[in-house]
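Here are some exercises to work through with the model open beside you. Try each task before you read its solution.

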Amino acid sequence: SNPHHHRRRTAHVSSPERARLRRLPEKGRYDPADWHEVIDRALFVHVAATVDGLAMALPTLAVRDGDTVYLHGSRSNAVMRALVEAGEGFVTATLFDGLRVATTGFESSIAYRSAALFGTVRRVEGDEAARALDLFVDHLIPGRLVEVRPMTEREKNLTAVVALEVTEASAKHSAGPTDQADEPAWPDAWSGFVPYVGHWGAPVADSDAPLPDSIKRLTL
């Protein structure tokens with residue numbers, strides 16, 4: 001993970017009513033390290049807001065710096081505008097780990113790690129926004145920032161950075177054997193775990209520039 005993610009800490013993040021798991025509470029995790037891991041490994045998150053009376057969720061880039069989660073979007077994005085206007089927000093992220101296969105469809109499920117974050121929201125400008133945009137680049141491709149030209153002022157002005165100062169958080173882990181009945185209805189049916197191992201494919205160049213170190217490391 002990017003070392004920049006851990007430079008700053010905010011007020012203590014709690015796990016009160018909104019973030020506490022009610023269904024399958026035994027899967028809940030409230031150590032900050034658990035939700036930090038999910039956010040740091042996720043390539044994108046989902047952010048929710050109410051726009052013109054309608055609940056909406058948007059996938060977007062996110063990067064963590066301590067207990068602040070920066071969200072990336074267009075300045076014309078309605079969900080981002082609604083977040084800032086509301087002054088608080090809700091973000092979720094999920095890492096898919098595999099299939100938990102039971103002898104029945106009802107008990108079959110997926111293995112995953114997820115995080116649910118609540119917090120106050122503010123628009124980020126100036127030097128903090130510029131630093132957050134740099135963090136986004138290295139979050140997606142570690143080491144890439146030093147290989148590309150700096151963002152122009154025009155590009156910075158076209159991009160909205162919103163900060164979620166996390167005040168309530170929880171993580172949820174679903175793993176291990178499925179919760180099958182003691183006497184399966186179909187004893188000959190296979191059951192078990194099928195891990196999902198994601199990997200990057202071979203890079204496809206659209207220029208004559210040599211393959212950079214960041215992409216080499218990413219695709220090893």
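**Exercise 1. Find the partner of Arg 113 in a salt bridge, then say which strands the pair ties together.**

Step 1. Look for a side-chain nitrogen of Lys or Arg within 4 Å of a carboxyl oxygen of Asp or Glu, which is what counts as a salt bridge here. Arg 113 makes such a contact with Asp 97, and their closest N and O atoms are 2.8 Å apart.

Step 2. Place both residues. Arg 113 belongs to strand β7 and Asp 97 to strand β6, so the salt bridge ties together parts that are 16 residues apart in sequence. Strands are DSSP runs of E with at least two residues, helices are runs of H or I with at least four, and both are numbered from the N terminus.

Step 3. Check the exposure of Asp 97. Its relative accessible area is 22%, so Asp 97 is partly exposed; buried means under 20%, exposed over 50%, and partly exposed in between, with a 1.4 Å probe and protein chains only.

Before you go on, a word on the source: this is a predicted model, in which local features need pLDDT of at least 70 and side-chain atom pairs count only at pLDDT 80 or more, while totals for chains, interfaces and linings use all residues. Residues are numbered from 1 along each chain as its sequence is written, and side-chain values use heavy atoms, with hydrogens and water left out.

**Exercise 2. Follow the network of salt bridges that includes Asp 97 and Arg 113.**

Step 1. Name the members. Glu 37 and Arg 41 are linked with Asp 97 and Arg 113 in this network.

Step 2. Look at Glu 37 and Arg 41. They form a salt bridge with closest N and O atoms 3.5 Å apart, and both sit in helix α1, four residues apart, or about one turn of the helix.

Step 3. Compare with the cut-offs. Glu 37 has 26% relative accessibility and so counts as partly exposed, while Arg 41, at 55%, counts as exposed.

Step 4. Put this in context: the structure holds eleven salt bridges. Another one joins the side chains of Arg 149 and Glu 155 (2.7 Å, N to O).

**Exercise 3. Describe the lining of the largest pocket.**

Step 1. Settle the term. A pocket is an open set of points on a 1 Å grid over the protein atoms alone, where a 1.4 Å probe fits and protein lies on both sides within 12 Å along at least five of seven lines; lining residues have an atom within 4 Å of a point.

Step 2. Find the centre. Of the 31 lining residues, Arg 41, Ala 42, Leu 43, Leu 95 and Trp 200 lie nearest to it. Arg 41 is thus a residue you have met already, in its salt bridge with Glu 37.

Step 3. Ask which element gives the most. That is β6, with six residues.

Step 4. Read off the volume, the space filled by probe spheres set on the points, which are joined across faces, edges and corners. It comes to about 990 Å³.

**Exercise 4. Do likewise for the second largest pocket.**

Step 1. This pocket holds about 340 Å³ of space and is lined by 17 residues, among them Leu 133, Val 137 and Leu 145.

Step 2. Helix α3 gives the most to this lining, with six residues.
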